[in-house]
Each structure stands twice: as C-alpha cells, then as structure tokens.
Amino acid sequence: MAAHLNLSSAVRVPAGKNQTADKLLVAAGELMIEHNSIEISLADIAQKSGVNAALVKYHFGNKEGLLLALLAHDAANETAQLNYLLAQPISSTAKLKLHIAGIIKAYYQFPYMNRLIHYLLHESSEEAADEVSKFFVGPLLEFHRRLLEEGVAAGEFRPVDPVLFYTSLIGACDHLFFGRHAMSRAVGVGPITDEVCRDYIAHMDQLILGGLLLPKPATAG
C-alpha cells in the first residue's frame, strides 16, 4: 500500500502474454467492485470477460485460484510501490504518512481487496492462506520493519515492535471497511465516501504518529 495509486482502470492488469487470463482477472475485479461483494460466479465472470468459463480451470485451476491470482497481482504492484516509497529522499515521518494514506485509498478504490484477503486467509484452503501470507502479509511486515528501523536511526521514531505496529495500523485501516456494516447497524454511520477517507487518514495520522514520534529537542533560548 503505497503513497499513491496512479490508476487508469479499476483493476490493474498489465498487457501480458496471456490475454485470456488477463481478461478473466479484469472481469473478476470489476464484478466484485460493481456488486460490492466477492460472491461472484464463474458464469458472471465468463459473461463479463467474453471468455468461456471452462478456461478458468485451464488458467487458474478453479475460482479460488483466480481470486488468489488477482490478489497476488494487486499485491505485487503494491509491493513495488512500497519499495519505491522506501527509497525516496524524504523523512521517515513523511513516508509513514504517505503509507497510511495509501492503505486507506487502496481499500477505498478496491473495495473487494480487504474482503478477499480475509476470505483467502481464513475461509479458503491452507495453500491459499500460505500464499497470501507470502505475497501480502510478509512483504508488508518487512516494509514496516525497515521503515521503523530507519525512523529510529534518524531519531524520529521511538522503538516499536514491527508486528505490533502492523497489527495496529493494518487492523485499524482494514476495520474501517470490513466492519462498516456492523457500525452502520449499531450507530447509523453512512457509506464510506471521499470525505470519510480524508477524515480517517487525518485521524490515523494523529493516532499513529502521536504515539510513535519522539519529541523534538528543545532549542536553546
């Protein structure tokens, strides 16, 4: 989840050697966004893509394989942006603020993403859960570890366990979207909008940075 998402289409699948597989991935992502659900059928995917449903098995094994491939592709793009962000000549604090905004914007622009992560980690096969841990959870934890170490070395951050940090940050950002239905029933909150995202980014900046940043040394009077 990087600083910004520079997207030209709803699902980022680059032109590749296998155009049929690409069409299936694009269709699956677009359908989940349109329906606001990951419960989509192979028949719907086939109709949306113009590809025979039998080719899902040929290219991905089954529907779970297709969903895993879509998430893996999105995760690969995000990991590349994380590495780019880490290499930028800006402060660790600025990088973290961009990262927080990037997570929330990614979940907002791809509303299927957090549901798909939960499904593949907790409701699918052990093999799928292992793959998600390798290409999504692991790289994100490693990014946090490196960014936190950089911030501590620069005198910006206090030392923090990266696993606890990941749990706090990703859990808080994820629940805005995953728990929205329950919050709507409990307190009547409305749908997630651009304004809600902006407010939540500002809230998370204050919450995370307020506990992480070291106080600036007093200047001599």
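Which exposed residues does the face of H10 turned away from its buried side carry? Point 4 of this note comes back to that question, after some remarks on the model as a whole.

1. The structure is a predicted model, and a reader should therefore begin with its confidence, given as pLDDT, the predictor's own confidence in each residue on a scale from 0 to 100. The protein averages a pLDDT of 83, and 84% of the residues reach a score of at least 70. Helix H7, residues 126-153, has the highest confidence, with a mean of 92, while the lowest belongs to helix H9, residues 180-187, with a mean of 61. Some care is also needed at the start of the chain, since pLDDT stays under 50 over residues 1-15, although the model has 52 contacts beyond four places in sequence for this stretch.

2. As to the overall build, the protein contains 10 helices and zero strands, and read along the sequence it follows the pattern α-α-α-α-α-α-α-α-α-α. Among the contacts with a separation of 6 or more, 70% come from residues that lie 24 or more positions apart.

3. Of the 221 residues in the protein, 41% are buried. The accessible surface comes to about 11,700 Å², and carbon and sulfur atoms account for 56% of that area.

4. Helix H10 rewards a longer look: it runs over residues 194-212, has 19 residues, and reaches 27 Å from its first C-alpha to its last, which is close to the 27 Å expected at 1.5 Å a residue. Its buried residues are Cys197, Tyr200, Ile201, Met204, Asp205, Ile208, Leu209 and Leu212. These residues cover an arc of only 145 degrees around the axis, and they therefore sit on the same side of H10. The face turned away from that buried side carries Glu195, Gln206, Leu207 and Gly210, which are exposed, and this answers the opening question.

5. The last point concerns aromatic rings, where a search of the whole structure finds one pair. The partners are Phe110 and Tyr112, whose ring centres are 6.0 Å apart and whose planes stand at 80 degrees, so the pair counts as edge-to-face, given that planes over 60 degrees apart are placed in that class. Are the two partners buried or exposed? Phe110 has a relative accessible area of 0% and is buried, and Tyr112, with a relative accessible area of 1%, is buried as well; the cut-off behind both statements is that a buried residue has under 20% relative accessible area.

Notes: Residues numbered from 1 in each chain as written. Predicted model: local features only at pLDDT ≥ 70, side-chain atom pairs only at ≥ 80, totals over all residues. Heavy atoms only, no water. Helix = DSSP H or I, 4+ residues; strand = E, 2+ residues; numbered from the N terminus. Contact = heavy atoms within 4.5 Å. Expected span 1.5 Å × (residues − 1). Buried < 20%, exposed > 50% of the residue type's maximum accessible area, 1.4 Å probe, protein only. Arc of directions from axis to C-beta. Phe/Tyr/Trp six-rings, centres within 6.5 Å; stacked < 30°, edge-to-face > 60°. Areas by Shrake-Rupley, 256 points an atom, 1.4 Å probe, with all protein chains shown as cover.
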